[in-house]
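Here is a short walk through a two-chain model. Have the sequence and the 3D view open as you read.

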Amino acid sequence: MIPTDEEAMWAVGSGDLDQAGLLFDRYHVGLYHFFHRMIQDRELSKDLTQNVFVRLLRYRGSYQPGQPFRAWIYRVARNVANDHFEKQKSSFVGLKPIHERVAAPDGAEQAEQVVTLQLALQQLPQSDRDLLVMSRYQELKYEEIAQIMGLSLSAVKVRVHRAIKKLKELYFKHEN
Amino acid sequence: MKLSEEEWQSLMIDLIDGKLTGEMKEMVERQMAESTIHQREYEALKQLLAAFAQPESVVPTDELRANFSQLLAGEKQKIADNGPSKHLSAETGGKKVSAQIKDQRWAPKRSVWLPIAASVALLIGAFWLGQLTLRGRLQATEREVDRLRAEVQASNQMVMLNLLKQNSASDRIKAVGYANEMEEVDEKITRVLLNTLNFDPNINVRLAAAEALARFGDQPQLRLAVVASFAKQTEPMIQITLIALLIDWQEKRALGPMQQLMEDEAAPKIVRAKAAEGVGALYPL
């Protein structure tokens, strides 16, 4: 039987490190997109994705059996991103300006939508951006986001909907 | 009904996400039709949320995988180097260390011994029974073997059914795993697996049940029950797993629900694509 994420991670915690390869296969693209949608920087997204797996191996003993793995790994990813932003603040090393970072895909109308959306997203407070990336891009359920952020289910829903409202105003300001 | 603007927007988002049904959906649609402001608001939200659906165009380079392989190899090396040395002390002789390495290597997999011990016990039992046979008690022995087998089967079933009642999802996953180890599986077990697939609150347990059902493709009634279950599923991972299973079984009765899912605009794109794949694979040429 193919192991579930939880079984694979439990095996990693028990010393069977090869199972980490399985988790890398299942999650590295999603995590890379998670970071890329948040910061729009390929190189940095690669480094941060790598950091998630460094932490997965380093803190493998802290994983509790039965803990939903997807929520666990995205919580690690969020911590990795937060640490990065903290470091950035203290070292004054900023990202490139947003218009240089947002890569437009092919197709004029789609490209315009994607760029407008990215510009609007980047102007949201980070916690709102996190919520929207998790719920709308990564398609994590409110229940999972509640576990990741330590909030109640209803609080997550209210926050996501409020973030959408703020985003909508920014999006149409850019579009016009 | 008087709603605040925030509540209105929240309902519109739920409507776009396909989360409203029945009377609530009708009420929102009816009230929206009466207000051009709400209609405009709805269209704007729809446009915004559709922009999220554009697929991510960047993909990670191979460098990420290469770095991970290196990281993993390094970590394994660290375990190989440091693991035993933790136990090293002035009093520890070389022989002891190698014994500890052996211990360490086997410790996490100690449960491996259980089936081995069981096999040995079974062998000894079989040998003893063989002796009896030689003494001319063939029929009695065969009856005894059947009885033992039935007992083992019954106790396996009991363990499985009891584990399934546990609160912890990992225990329930273990329970489902038992079904894979059983040589003979009766209707009671397949029914329990189906129930687990349909009603367990944890998605990983439901997924494990879906995978465990894969070996019963030779039972037409069970296949029909899986088709019915598939039609009711809403969780993308379960839908994808069941599509693969139904393709594997070449279960044509799944064509209808698969087609429906393929056309369901509220379903995630990946699920719709998999359903389309299923329709292609099952469609009679």
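Let's start with a word we'll need: a residue is buried if 20 or more other C-beta atoms lie within 10 Å of its own, exposed if 12 or fewer, and partly exposed in between, with C-beta atoms placed from the backbone. Helices (H or I, at least four residues) and strands (E, at least two) are DSSP runs, numbered from the N terminus.

Some ground rules come next. This is a predicted model, in which local features need pLDDT of at least 70, side-chain atom pairs count only at pLDDT 80 or more, and totals for chains, interfaces and linings use all residues. Residues are numbered from 1 along each chain as its sequence is written, while chains are lettered from A and ligands numbered from 1 in the order in which they are written.

**Chain A**

Chain A has 9 helices and 0 strands. It is 176 residues long, and 35% of them count as buried. Two residues are in contact if their C-beta atoms, placed from the backbone, lie within 7 Å. Among the contacts in chain A with a separation of 6 or more, 59% join residues 24 or more positions apart.

Now look at helix α8 (residues 142-149) of chain A. Which of its residues are buried? They are Glu144(A), Ile145(A), Gln147(A) and Ile148(A). These four sit on the same side of α8(A), because they cover an arc of only 155° around the axis; the arc is that of the directions from the helix axis to the C-beta atoms. As background, an α-helix has 3.6 residues a turn, so residues three or four places apart point the same way. Right after α8(A) comes Gly150(A), with a positive phi near 65°.

**Two non-glycines with positive phi**

Each chain offers a residue with a positive phi that is not a glycine:

| Residue | Phi | Loop | C-beta neighbours inside 10 Å |
|---|---|---|---|
| Glu139(A) | about 55° | between α7 and α8 of chain A | 14, partly exposed |
| Gln250(B) | about 55° | between α12 (236-249) and α13 (255-263) of chain B | 11, exposed |

**Where the chains meet**

The contact takes 42 residues from chain A and 36 residues from chain B. On the chain A side, α2(A) gives the most, with 9 residues. By class, that side has 20 nonpolar, 13 polar and 9 charged residues. Here Ala, Val, Leu, Ile, Met, Phe, Trp, Tyr, Cys and Pro count as nonpolar, Asp, Glu, Lys and Arg as charged, and the others, Gly among them, as polar.

For a closer view, find helix α9 (residues 153-175) of chain A and helix α3 (residues 36-52) of chain B. Their axes (lines fitted to C-alpha atoms over the stretch in contact, with angles from 0 to 180 degrees between N-to-C directions) come within 10 Å and cross at roughly 85°. So α9(A) and α3(B) are roughly perpendicular to each other, a label for angles of 65 to 115 degrees. Leu167(A), Lys168(A), Tyr171(A) and Phe172(A) meet Ala44(B), Leu45(B) and Leu48(B) there. This helix pair's contact has 6 nonpolar, no polar and 1 charged residues.

**How far to trust it**

The model scores ipTM 0.77 and pTM 0.50. Chain B averages a pLDDT (the predictor's confidence in each residue, from 0 to 100) of 79, and 81% of its residues score at least 70. Over residues 84-110 of chain B, though, the pLDDT is below 50. Where pLDDT is low, the predicted coordinates should not be read in detail.

Definitions and conventions. Angles under 35 degrees count as roughly parallel, over 145 as roughly antiparallel, 65 to 115 as roughly perpendicular and the rest as oblique.
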